[in-house]
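Me: I'd like to go through this model and ask why things get the labels they get. Can you take me through it?

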Amino acid sequence: MVVDDEPDILLTFKTFLSTAGLNYNVDAFTNSQKALERFSQVERSYYSLAIMDVRMPDLNGLELYCRLKSINPEVKVLFVSALGIAEEISSILPEIKYDDVIQKPVEKENFIYKVKAALYNNND
């Protein structure tokens, strides 16, 4: 699941994932409330990873994170932000590591690396 209020960012992330040589199924949402609704309607294991912008209207990334985790504590989450707020997020939500935040502008190689690390590393 990818959630960002900017459609061009969603397209970029979907393109990154579809050209990464791996078989990622990606649902993209420009509205965090709609993403939450969808997340709550599917099986808990349907989404392995949620990638979300921090700043979004209505339900911001931190609020969405808390709601997703209340539905499925096992879902992995990566935040994307144009702001240098990785340390701040880690202080608010200690379970979020510095590496769980991707800085905008996003470079494809770094993005794919972080996605793979989140999905395939079990260092929790």
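Reply: Sure. Let's begin with Ser 90, which touches Ile 96, Lys 97 and Tyr 98, leaving out residues up to four places away in sequence. Keep in mind that this is a predicted model.

Me: What makes Ser 90 and Ile 96 a polar contact?

Reply: A polar atom of the Ser 90 side chain lies 3.0 Å from the backbone oxygen of Ile 96. The cut-off for a pair of N or O atoms is within 3.5 Å, so the pair counts as a polar contact. Ser 90 is found in helix α4, and its C-alpha atom is separated by 9.3 Å from that of Val 101, 11 residues apart along the chain.

Me: And the other serine, Ser 81: why is that one called buried?

Reply: Its relative accessibility is 2%, and buried means under 20%, so Ser 81 counts as buried. The residue sits in strand β4. Beyond four places in sequence, Ser 81 touches Asp 53, Val 54, Ile 102, Gln 103 and Lys 104.

Me: Which strands make up the sheet, and in what order?

Reply: There are 5 strands in an open sheet, ordered β2-β1-β3-β4-β5, with parallel pairing.

Me: What makes β2 and β5 edge strands?

Reply: β2 (28-29) and β5 (101-103) each have a single partner strand, so one side of each has no neighbour in the sheet.

Me: How do you know that β1 and β3 are paired?

Reply: Pairing takes at least two bridges, and 2 bridges join β1 (residues 2-3) to β3, so the two strands count as paired. They run parallel. Val 2 stands opposite Ile 51, while the bridge partner of Val 3 is Met 52.

Me: What about β3 and β4, how many bridges are there?

Reply: These two pair over 5 bridges, in the parallel sense. Leu 49 of β3 stands opposite Lys 76 in β4.

Me: What makes β3 a mostly covered strand?

Reply: 5 of its 5 residues are buried. Leu 49, Ile 51 and Asp 53 point one way, and Ala 50 and Met 52 point the other way.

Me: Which residues touch the most other members of the largest nonpolar core?

Reply: That core has 25 residues, and the ones with the most member contacts are Met 1, Val 3, Met 52, Leu 64, Leu 68 and Phe 79. Two or more residues each come from α2 (32-41), β3 (49-53), α3 (61-71), β4 (76-81) and α4 (86-92). Another core lies apart from it, with 18 residues, among them Ile 9, Leu 10, Leu 17 and Ile 51.

Me: What does Leu 68 touch, leaving aside its neighbours within four places in sequence?

Reply: Leu 68 is in contact with Leu 36, Phe 39, Ala 50, Met 52 and Val 75.

Me: On to the rings. Why is the pair of Phe 39 and Tyr 47 called stacked?

Reply: The centres are 5.8 Å apart, with 15° between the planes. Rings pair within 6.5 Å, and planes under 30 degrees apart count as stacked, so this pair is stacked. Both Phe 39 and Tyr 47 are buried.

Me: And why is Tyr 46 with Tyr 47 edge-to-face?

Reply: Here the values are 4.8 Å centre to centre and 90° between the planes. Anything over 60 degrees counts as edge-to-face, so that is the label for this pair.

Me: Are Tyr 46 and Tyr 47 buried, exposed or partly exposed?

Reply: Tyr 47 has a relative accessible area of 6%, so it is buried. Tyr 46 has 47% relative accessibility, which falls between 20% and 50%, so Tyr 46 counts as partly exposed.

Me: How do you know that a charge sits over the Tyr 46 ring?

Reply: The charged end of Arg 38 is 5.2 Å from the ring centre. The distance limit is within 6 Å, so that part is met. The charged end is also listed as sitting over the ring.Me: Which residues form the aromatic cluster?

Reply: Phe 13, Phe 16 and Phe 111 form one aromatic cluster. The structure holds 5 aromatic pairs.

Me: Last one: why is Asp 58 called exposed?

Reply: Asp 58 has a relative accessible area of 72%, and exposed means over 50%, so the label fits. Asp 58 lies in the loop between β3 and α3, and has a positive phi of about 65° although it is not a glycine.

How values were computed
Residues are numbered from 1 along each chain as its sequence is written. This is a predicted model: local features need pLDDT of at least 70, side-chain atom pairs count only at pLDDT 80 or more; totals for chains, interfaces and linings use all residues. Side-chain values use heavy atoms; hydrogens and water are left out. A nonpolar core is a set of buried Ala, Val, Leu, Ile, Met, Phe, Trp, Tyr and Cys residues joined through side-chain atoms within 4.5 Å. Buried means under 20% relative accessible area, exposed over 50%, partly exposed in between (1.4 Å probe, protein chains only). Helices (H or I, at least four residues) and strands (E, at least two) are DSSP runs, numbered from the N terminus. Contact means heavy atoms within 4.5 Å. Rings of Phe, Tyr and Trp (its six-membered ring) pair if their centres lie within 6.5 Å; planes under 30 degrees apart count as stacked, over 60 as edge-to-face and the rest as tilted. A charge sits over a ring if NZ of Lys or CZ of Arg is within 6 Å of the ring centre and within 35 degrees of the ring normal. A polar contact is a pair of N or O atoms within 3.5 Å; within protein, one must be able to donate a hydrogen and the other to accept it, and residues adjacent in sequence count only if both atoms are side-chain atoms.
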